[in-house]
Amino acid sequence: MVTAAIVLLLFAFFAWWQFVYMSPSRIFGRMLATSLSSVSVTRRTVQSDTGQQLVQTMQLTTSPVTQVHATALLTQTQDTSTTVDTESIGTPTTDYVRYNSIKTTQKNAAGKAFDFSSILGIWGRTEQNDASGGPQLYSQALFGVVPTGDLPASQREALIEFIGDNDVYHFDASNVTHKRVNGRPVYTYKVQVMPVAYVGMLKQFARDAGLQQLEQVDPTQYANSQALSFTFEIDGWSGELTKVSYNDSPREDTYTSYGVRNTTALPTSSIPVDELQTRLQNLQ
């Protein structure tokens, strides 16, 4: 009888694990909870278009400091060959950006090769009251297809409830597929994101995260917008979102290093970003 009870208990646990805990809907829900309780994550974006490619890596940290450190490599091959390597640091109140390297086969007005040495390594600064629109990098890192941050439990639960009630992310659980990647179960979802509900969710998330950028945005102005189509990949064991593919554009976001904090010292010397851009334009 003891053996039969153990077998029955193991069978019940297996059934719960297989059909409840590892169900597509439960995994998706864990992904939302994980994304909204993350102190850090790294997102690598690869976006290609005719004659150019952008590869950007953003290391977001929400605790103990609120900061994002990003690098980007823009490559253009149409007409001329150009590569631009930039580095950025963003906080809720200030953005910093500098050019680490610029290489191009273009010639200046005198027909000679450009000399960018005078602007390389100089930090340009954007602050809240700047005419350029204020800092953007930190909010861009937070406001992904699925927002990422470390919200208190009550706010996180309320936002997940909003997401479910408003069907922000629509998918057919019966069409979810799974595969093994490095021995781990990865579930693939075809997801439709509803614009009005999505913007409403972002607005609530921004408020919870202490950001004011979306306070004046009216979600209903997107009522005539079509749903956006994505492919999500989620690690079934950890509940971590690992990849988002944009089905309507050549872009792919890969997510790694959840919980690995990466903080970068802020520049001690910088100039207004408009001045940095003016110096670049004057090299023409």
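**Reading the nonpolar core and helix α5**

Modeller: In this predicted model, the largest nonpolar core comprises 45 residues, and the residues with the most contacts inside it are Phe28, Tyr169, Tyr189, Phe232 and Leu241. The element that gives the most to this core is α5, with seven residues. A second, separate core has nine residues, among them Tyr99, Ile102, Ile119 and Ile271.

Colleague: How should such a core be read, and which residues does Phe28 touch?

Modeller: In soluble globular proteins, nonpolar side chains tend to be buried together. Leaving aside residues up to four places away in sequence, Phe28 touches Tyr169, Phe171, Tyr189, Val191, Phe232 and Ile234.

Colleague: Is α5 largely enclosed or largely open?

Modeller: A residue counts as buried under 20% relative accessible area. Eleven of the 14 residues of α5 are buried, so the helix is largely enclosed by the rest of the structure. Among the buried residues of α5 are Tyr198, Met201, Leu202 and Phe205, and also Lys203 and Gln204. The cover over the buried residues of α5 includes α3 (137–142), α4 (153–165), β7 (169–170) and β9 (184–193).

Colleague: What span does α5 reach, and what follows the helix?

Modeller: From its first C-alpha to its last, α5 (residues 195–208) reaches 20 Å, close to the 20 Å expected at 1.5 Å a residue. Gly210 follows α5 and has a positive phi, near 80°.

Colleague: Where does pLDDT stay under 50?

Modeller: The mean pLDDT of the protein chain is 89, and 91% of its residues reach 70 or more. Over residues 4–21, however, pLDDT stays under 50, and the model has ten contacts beyond four places in sequence for these residues.

Methods:
Residues are numbered from 1 along each chain as its sequence is written. Side-chain values use heavy atoms; hydrogens and water are left out. Helices (H or I, at least four residues) and strands (E, at least two) are DSSP runs, numbered from the N terminus. The expected span of a helix is 1.5 Å times one less than its number of residues. Buried means under 20% relative accessible area, exposed over 50%, partly exposed in between (1.4 Å probe, protein chains only). Contact means heavy atoms within 4.5 Å. A nonpolar core is a set of buried Ala, Val, Leu, Ile, Met, Phe, Trp, Tyr and Cys residues joined through side-chain atoms within 4.5 Å. pLDDT is the predictor's confidence in each residue, from 0 to 100.
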